[in-house]
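Welcome! Get your viewer ready, and let us walk through this protein one selection at a time.

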Amino acid sequence: MTGSRPAPFSIAVDEQPDRAVIAAAGELDLATAPQLEEALLPRLRGGGRVVLDLTALEFMDSTGVQVIIAAHHAGQEHDGGLALVRTPPDSAVARVLEISGLDTMLDIIDAP
């Protein structure tokens, strides 16, 4: 059997003076969502600003949507901020963001 396997899930964190840029790659699902949650929520609950870059994600399910919503609320409740880097319009992740309404709920930026 041949075929390409999805890239393993990974998170890269770039701490900058005014914000953290968190880039996720691979597949964001039930198995990997806790890793993203651990990277996002403490920073936002501490009042930090976070840019979430999902442009390298190949797949995201409703669990990923739930993590992003929780992060958005944590930022609002603790005077932090969450911005999302615009995903390619033809990507599966862009479709999930559109269907879920996150594309209108979040601050979308063009680049980290």
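**Stop 1: the sheet**

Start by showing the strands in cartoon style. You will find five of them forming an open sheet, in the order 1-2-3-4-5, with mixed pairing. Now look at the edges: strand 1 and strand 5 (107-109) stand there, and each has a single partner strand, so one side of each is left without a neighbour in the sheet. Turn the view to see the twist, which averages 25° from one strand to the next. Remember as you go that this is a predicted model.

If you are new to sheets, here is the background: strands pair through backbone hydrogen bonds, and they may do so parallel or antiparallel.

**Stop 2: strands 1 and 2**

Select residues 10-15, which are strand 1, and residues 20-28, which are strand 2. These two run antiparallel and are joined by six bridges. Which kind of connection takes you from strand 1 to strand 2? Follow the chain and you will trace a hairpin of four residues.

You can pick out some of the bridge partners yourself. Click on S10, and look across to A25 in strand 2, its bridge partner. Then click on V13, whose bridge partner in strand 2 is I22.

Stay with V13 for a moment. This residue lies in strand 1. Is V13 buried, exposed or partly exposed? Its relative accessibility is 37%, so V13 counts as partly exposed; the partly exposed class sits between the 20% and 50% cut-offs. Beyond its neighbours within four places in sequence, V13 is in contact with V21, I22 and R43. For a sense of scale, draw a distance from the C-alpha of V13 to that of I99: the two are 27 Å apart in space and 86 residues apart in sequence.

**Stop 3: helix 1**

Next, select residues 33-45 to light up helix 1, which has 13 residues. From its first C-alpha to its last, helix 1 reaches 18 Å, close to the 18 Å expected at 1.5 Å a residue.

Now show the side chains of A33, L36, A39, L40, L41 and L44, which are buried. A handy rule helps when you look along a helix: an α-helix has 3.6 residues a turn, so residues three or four places apart point the same way. What do the buried residues of helix 1 pack against? Their partners are strand 1, strand 2, strand 3 (49-60), helix 2 (62-77) and strand 4 (81-85). Before moving on, click on G47, just after helix 1, where phi is positive at about 85°.

**Stop 4: the loop before helix 1**

Step back along the chain to D29, in the loop between strand 2 and helix 1. With a relative accessibility of 19%, D29 counts as buried, because buried means under 20%. Show its side chain and you can see it reach the backbone nitrogen of A31 at 3.1 Å. Leaving aside neighbours within four places in sequence, D29 is in contact with F59, D61 and T63.

Take the last of those contacts and select T63, which belongs to helix 2. At 15% relative accessibility, T63 counts as buried. D29 and T63 are 34 residues apart along the chain, yet their C-alpha atoms are separated by 5.7 Å. Not counting residues up to four places away in sequence, T63 touches D29, L30 and A33.

**Stop 5: helix 3 and the core**

Select residues 92-100 to see helix 3, which lies across strand 3 and strand 4 and runs at about 115° to strand 3.

Now for the interior. The largest nonpolar core has 26 residues, and those with the most contacts inside it are L40, L52, L54, M60 and L82. Strand 2, helix 1, strand 3, helix 2, strand 4 and helix 3 each supply at least two residues of this core. Which element gives the most? Helix 1 does, with six residues.

Zoom in on L54 to see part of this packing. Apart from neighbours within four places in sequence, L54 is in contact with A24, M60, I68, L84, T87 and V93.

**Stop 6: a loop at the surface**

Finish at D79, in the loop between helix 2 and strand 4. Is D79 buried or exposed? D79 is exposed, with a relative accessible area of 70%. Check its backbone too: phi is near 55°, a positive value in a residue other than glycine.

Conventions:
Residues are numbered from 1 along each chain as its sequence is written. This is a predicted model: local features need pLDDT of at least 70, side-chain atom pairs count only at pLDDT 80 or more; totals for chains, interfaces and linings use all residues. Side-chain values use heavy atoms; hydrogens and water are left out. Two strands pair if DSSP finds at least two bridges between them. Buried means under 20% relative accessible area, exposed over 50%, partly exposed in between (1.4 Å probe, protein chains only). Contact means heavy atoms within 4.5 Å. The expected span of a helix is 1.5 Å times one less than its number of residues. Axes are lines fitted to C-alpha atoms, for helices over the stretch in contact, and angles run from 0 to 180 degrees between N-to-C directions. A polar contact is a pair of N or O atoms within 3.5 Å; within protein, one must be able to donate a hydrogen and the other to accept it, and residues adjacent in sequence count only if both atoms are side-chain atoms. A nonpolar core is a set of buried Ala, Val, Leu, Ile, Met, Phe, Trp, Tyr and Cys residues joined through side-chain atoms within 4.5 Å.
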